[in-house]
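Welcome! Please open the structure in your viewer and keep the selection panel at hand. We will go from stop to stop, selecting a few residues each time.

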Amino acid sequence: GMYYLIRKDKPVEKSIAILPFDDLSSDRNSQYLADGIVEDLLNRITQINGLKVISRTSSEMFRDKGNKSVPDIAEILGVRYVLEGTVQREGNNIRINIQLIDAKKDDHILSKKYDRKLDEVFKIQSEISNQIASELSLVLTDRQKYALEQNKTKNLKALEYYQMGRFQSNKRWIEGYNKSIEYYEKAIAEDPEYGLAYAGLTDTYHLMALQGWMGKKEGKDKAVELALKALELDPD
């Protein structure tokens, strides 16, 4: 007979998944903002040494969690901590609620509400990532602190366009790709030094070529050219 040994891997002590934030705005039109904030947090906390961060793609499976509890999700993803949040934008105000949960104990170790003006969204993002880091009692080196506080653009409009671009390209379909190109180009028009927006374009053209929405060579050449431009503007 054959014997199977099923071994559940123990979650890494310092590991976290950020679940997609819910958009609670009355017009339900700010999901791109909620997704953008999550992406920014992921980019920031990935820089923390000794912290295992679950990729966006894996967390994305739990956008509609159904009746799965946080400990269930944490077990599936193999993480100790889960961050969830909501974003509510009304006019020029934004409210962000976050909860950091220790899935092992099913315990909220941090629950915070940020009520701010929309143009403070950058500050909130670096605050939240620093807060998570210190909650997980991770010692940040100066270099990492600097990385967490780095904003890729100072232009709020450019950031919004970038986030909308990401939101559209994540639909992984031609309409979304075309819209994402439009948004990334608007972001670049707002801030010509915004390397991330060029990286976004790179990504879109690469995916379009890969999925046959444009010529393979044409797409690849375009992507490479844009990637080089992105790196020139922002070596990170």
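**First stop: the core.** Select F21, I37, L83, I94 and I96: of the 52 residues in the largest nonpolar core, these touch the most other members. A nonpolar core here is a set of buried Ala, Val, Leu, Ile, Met, Phe, Trp, Tyr and Cys residues joined through side-chain atoms within 4.5 Å. Buried means under 20% relative accessible area, exposed means over 50%, and partly exposed is in between, with a 1.4 Å probe and protein chains only. Now add helix α1 (residues 31-45), which gives this core its largest share, eight residues. Helices (H or I, at least four residues) and strands (E, at least two) are DSSP runs, numbered from the N terminus. Apart from this core lies another one, of twelve residues, including L19, I54, A74 and V79. In soluble globular proteins, nonpolar side chains tend to be buried together.

A word on the model before moving on. It is a predicted one, where local features need pLDDT of at least 70 and side-chain atom pairs count only at pLDDT 80 or more, while totals for chains, interfaces and linings use all residues. Residues are numbered from 1 along each chain as its sequence is written, and side-chain values use heavy atoms, with hydrogens and water left out.

Next, centre the view on L83. What does L83 touch, not counting residues up to four places away in sequence? The list is I16, A17, I18, L19, F21, L41, I98, Q99, L100 and I132. Contact here means heavy atoms within 4.5 Å.

**Second stop: the strands.** Select strand β4 (residues 79-90), where ten of the twelve residues are buried. Then show strand β2 (residues 22-23), which runs parallel to β4 and is joined to it by two bridges. Two strands pair if DSSP finds at least two bridges between them. To see one such link, pick D22 and its bridge partner in β4, T86.

Add strand β5 (residues 93-102), which pairs with β4 in the antiparallel sense over ten bridges. Q88 has R95 as its bridge partner in β5. The two strands form a hairpin with two residues between them, and G91 in the turn has a positive phi of about 60°.

Carry on to strand β6 (residues 107-117), joined to β5 by ten bridges and running antiparallel to it. Here I94 is matched with R116 in β6. This is another hairpin, with four residues between β5 and β6; look for D106 in the turn, with a positive phi of about 50°.

While you are in β5, click on N97. Is N97 buried or partly exposed? N97 counts as partly exposed because its relative accessibility is 24%. Leaving out residues up to four places away in sequence, N97 touches E84, G85, T86, K112 and K113. E84 is 13 residues from N97 in sequence, and their C-alpha atoms are 8.3 Å apart in space.

**Third stop: the rings.** The structure holds four aromatic pairs. Rings of Phe, Tyr and Trp (its six-membered ring) pair if their centres lie within 6.5 Å; planes under 30 degrees apart count as stacked, over 60 as edge-to-face and the rest as tilted. Select Y161 and Y183, a stacked pair with 6.4 Å centre to centre and 20° between the planes. Y161 is in helix α6 (residues 156-169) and Y183 in helix α7 (residues 174-190), 22 residues apart.

Now try Y162 and Y184: their ring centres are 5.8 Å apart and their planes are at 40°, so this pair is tilted. Y162 lies in α6 and Y184 in α7. Add Y194 to show a cluster of Y162, Y184 and Y194 linked by ring pairs.

Return to Y161 and show K157, whose charged end sits over the Y161 ring, 5.4 Å from its centre. That means NZ of Lys or CZ of Arg within 6 Å of the ring centre and within 35 degrees of the ring normal. K222 is placed likewise over the ring of Y205, 5.2 Å from its centre.

**Last stop: helix α8.** Select residues 195-210 and colour the buried ones, among them Y198, L201, Y205 and M208. Then show α6, α7 and α9 (216-233), which are included in what covers them. Just after α8 comes G212, with a positive phi near 80°.
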